[in-house]
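Biologist: Please take me through the enclosed space inside this protein with some care, starting from what lines it and then following the charged pairs and the surroundings outward. I would rather have one connected account than a list.

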Amino acid sequence: MRVVIIGVGTRGDVAPYTGLGARIRAAGHEVAIAAHAPYSSLVTDAGLDFRAIPGDPAAILGTRKWAGFADYARQVTDGIVDVATAGADLLLLGVSASAGYHVAEAMGIPSMGVHLQPVEPTGDFPPVMGAFRRSLGRWGNRAAARLMFAGPSPAHSGSAKKLRARLGLAPMSSRAVYRRRESSRWPVFHGYSPSVLPRPADWRPGLEVSGYWWPAPRPAWTPPGDLAGFLDAGPPPVFVGSGSHGGAAAERFTDLALAALRLAGLRGVLQTGVTGPLTGDVLGVGEVPHEWLFPRMAAVVHHAGAGTAAAGLRAGVPAVAMPVWGDQPLWAGRLWRLGVAPAPLTGRITAERLASAVAEAVPRRTRAEEIAGRIAAEDGAAPVVEAVERACITSL
């Protein structure tokens, strides 16, 4: 069976699918991952086929020019059509690849959701991709998520209608699509640990929390000499990363991190876009696999994106979360409630606040290691592989 996984977004939205794809390939299937061009090596290094989707989400995130999002969404939709029609027997769709649902219908092939975030309506928490920072109550949480899920955003207004017409499908509103997915129990697997965020009891059958999908290992990778030497030269440092945010925001974040580490009296490894020695106790690095780096850290400071938060939990290191948008507040809150991080830092963050949070985080190592042990006992890829096998048998 030819399986195409569509992962739209930045690096953290693609890397987990490399490990999932490798497991599906090991079960005897052909696997391709469709993603943006900058992440092609992630896919090919895992031994999987790469199919390119046009667009650059990092440019939008770096400049915060949201006016360009509508054009980006159109490029993504066109790309999904192209990569699917190039050959597929099953589509596995990330959260931002919803156009694939219509493409699969037009092609007469099955599809499934493989989500890294719990976007489906629930009373347990507010919509994770909205601007909601606080719970609206169980009824309000579910109602708000249902409205967001069933109603197209301004950037996507009319896109589903146009896409269905282009594919020769009958017209269907976003609300009708949502209702059909619910009534048919369209399967969605969620690639995070139930030990971190339990499956909501009010979810319908077919919505499963399977466990993390870890990025495929990169056995040929070796650390640069300056990083290896820095780690050997002193006690474990604190990692500070700016994620997908770049430009002037990353520069300000670098200055903030340097000041906070100086106040805390701790060494640091910064992944903020600046490389090389920054001070005698702080080293700036480029791309380094988190699965290699994080276990060597005293704590990790990040914006709490799904992938980075997961890597820190897997490594058994405490965290400081500074959520900005999207699903980051959800994961930041979970890190706090799990006891592996202090309360999330929001609002105006000063060097003093960051230094205090890091000092509070470092002693939580024992709790972090306990959570890591629970996660290590899970096999998040297995339920998805089983579902792919069932789809293969059904299609024969």
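**The cavity and its surroundings**

Modeller: Sorted by class, the residues that line the largest cavity comprise 4 nonpolar and 5 charged ones, with no polar residue among them. The model is a predicted one, and everything that follows should be read with that in mind. The volume of this cavity is about 40 Å³, and the structure holds 1 cavity of 30 Å³ or more. Its walls are formed by Glu 120, Pro 121, Arg 142, Tyr 178, Glu 182, Asp 202, Trp 203, Arg 204 and Leu 207.

Charge is therefore a reasonable thread to follow from here, given that side chains of opposite charge can pair when their charged atoms come close. Two of the lining residues, Arg 142 and Asp 202, also belong to a network of salt bridges that takes in Asp 124 and Arg 138. Within that network, Arg 138 and Asp 124 meet through their side chains, with a nitrogen-to-oxygen distance of 2.8 Å. Arg 138 belongs to helix H6 (residues 137-150), whereas Asp 124 sits in the loop between strand E5 (111-115) and H6, so this salt bridge ties together parts that are 14 residues apart in sequence. Asp 124 has a relative accessible area of 38% and counts as partly exposed, because that value falls between the 20% below which a residue is called buried and the 50% above which it is called exposed.

Taken over the structure, the salt bridges number 16, and two further pairs deserve a description of their own. In one of them, Arg 180 pairs with Glu 105, their closest N and O atoms lying 2.6 Å apart. This contact joins distant parts of the chain, since Arg 180 is in helix H8 (residues 174-183) and Glu 105 is in helix H5 (residues 99-107), at a separation of 75 residues. Both partners are partly exposed, Arg 180 at 27% relative accessibility and Glu 105 at 31%. In the other pair, Arg 218 forms a salt bridge with Glu 287, and here the closest N and O atoms are 2.8 Å apart. That contact links two loops that are 69 residues apart, Arg 218 being placed between strand E7 (207-209) and helix H9 (225-232), and Glu 287 between strand E11 (282-284) and helix H11 (290-293). Arg 218 is partly exposed at 27% relative accessible area, and Glu 287 is likewise partly exposed, at 48%.

The cavity can also be set beside an open space. The second largest pocket has a volume of about 530 Å³ and a lining of 22 residues, of which Arg 133, Pro 329, Leu 330, Gly 333 and Arg 337 lie nearest its centre. Helix H13 (residues 328-338) gives the most to that lining, contributing 7 residues. By class, the pocket lining has 11 nonpolar, 6 polar and 5 charged residues, whereas the cavity lining has no polar residue.

A few loop positions complete the picture. After helix H8, in the loop that leads to strand E6 (188-190), comes Arg 185, which has a positive phi of about 55 degrees although it is not a glycine. Such a value stands out because most residues other than glycine have a negative phi. Arg 185 is exposed, with a relative accessible area of 51%. Ala 304 also has a positive phi without being a glycine, at about 70 degrees, but Ala 304 is buried at 1% relative accessible area. Ala 304 is found in the loop between E12 and H12, and the loop between strand E12 (299-302) and helix H12 (306-315) is also the place of His 303. His 303 is buried as well, with a relative accessible area of 13%, and its side chain reaches the backbone oxygen of Met 322 at 2.8 Å.

Finally, Ala 97 lies in the loop between strand E4 (90-93) and H5 and is buried at 1% relative accessibility. Leaving aside residues up to four places away in sequence, Ala 97 touches Ile 6, Val 8 and Ile 80. The C-alpha atoms of Ala 97 and Ile 80 are separated by 7.5 Å, although the two residues are 17 residues apart along the chain.

Terms used: Residues are numbered from 1 along each chain as its sequence is written. This is a predicted model: local features need pLDDT of at least 70, side-chain atom pairs count only at pLDDT 80 or more; totals for chains, interfaces and linings use all residues. Side-chain values use heavy atoms; hydrogens and water are left out. A salt bridge is a side-chain nitrogen of Lys or Arg within 4 Å of a carboxyl oxygen of Asp or Glu. Helices (H or I, at least four residues) and strands (E, at least two) are DSSP runs, numbered from the N terminus. Buried means under 20% relative accessible area, exposed over 50%, partly exposed in between (1.4 Å probe, protein chains only). On a 1 Å grid over the protein atoms alone, a cavity is a set of points where a 1.4 Å probe fits but cannot get out, and a pocket is an open set with protein on both sides within 12 Å along at least five of seven lines; lining residues have an atom within 4 Å of a point. Grid points are joined across faces, edges and corners, and a volume is the space filled by probe spheres set on the points. Ala, Val, Leu, Ile, Met, Phe, Trp, Tyr, Cys and Pro count as nonpolar, Asp, Glu, Lys and Arg as charged, and the others, Gly among them, as polar. A polar contact is a pair of N or O atoms within 3.5 Å; within protein, one must be able to donate a hydrogen and the other to accept it, and residues adjacent in sequence count only if both atoms are side-chain atoms. Contact means heavy atoms within 4.5 Å.
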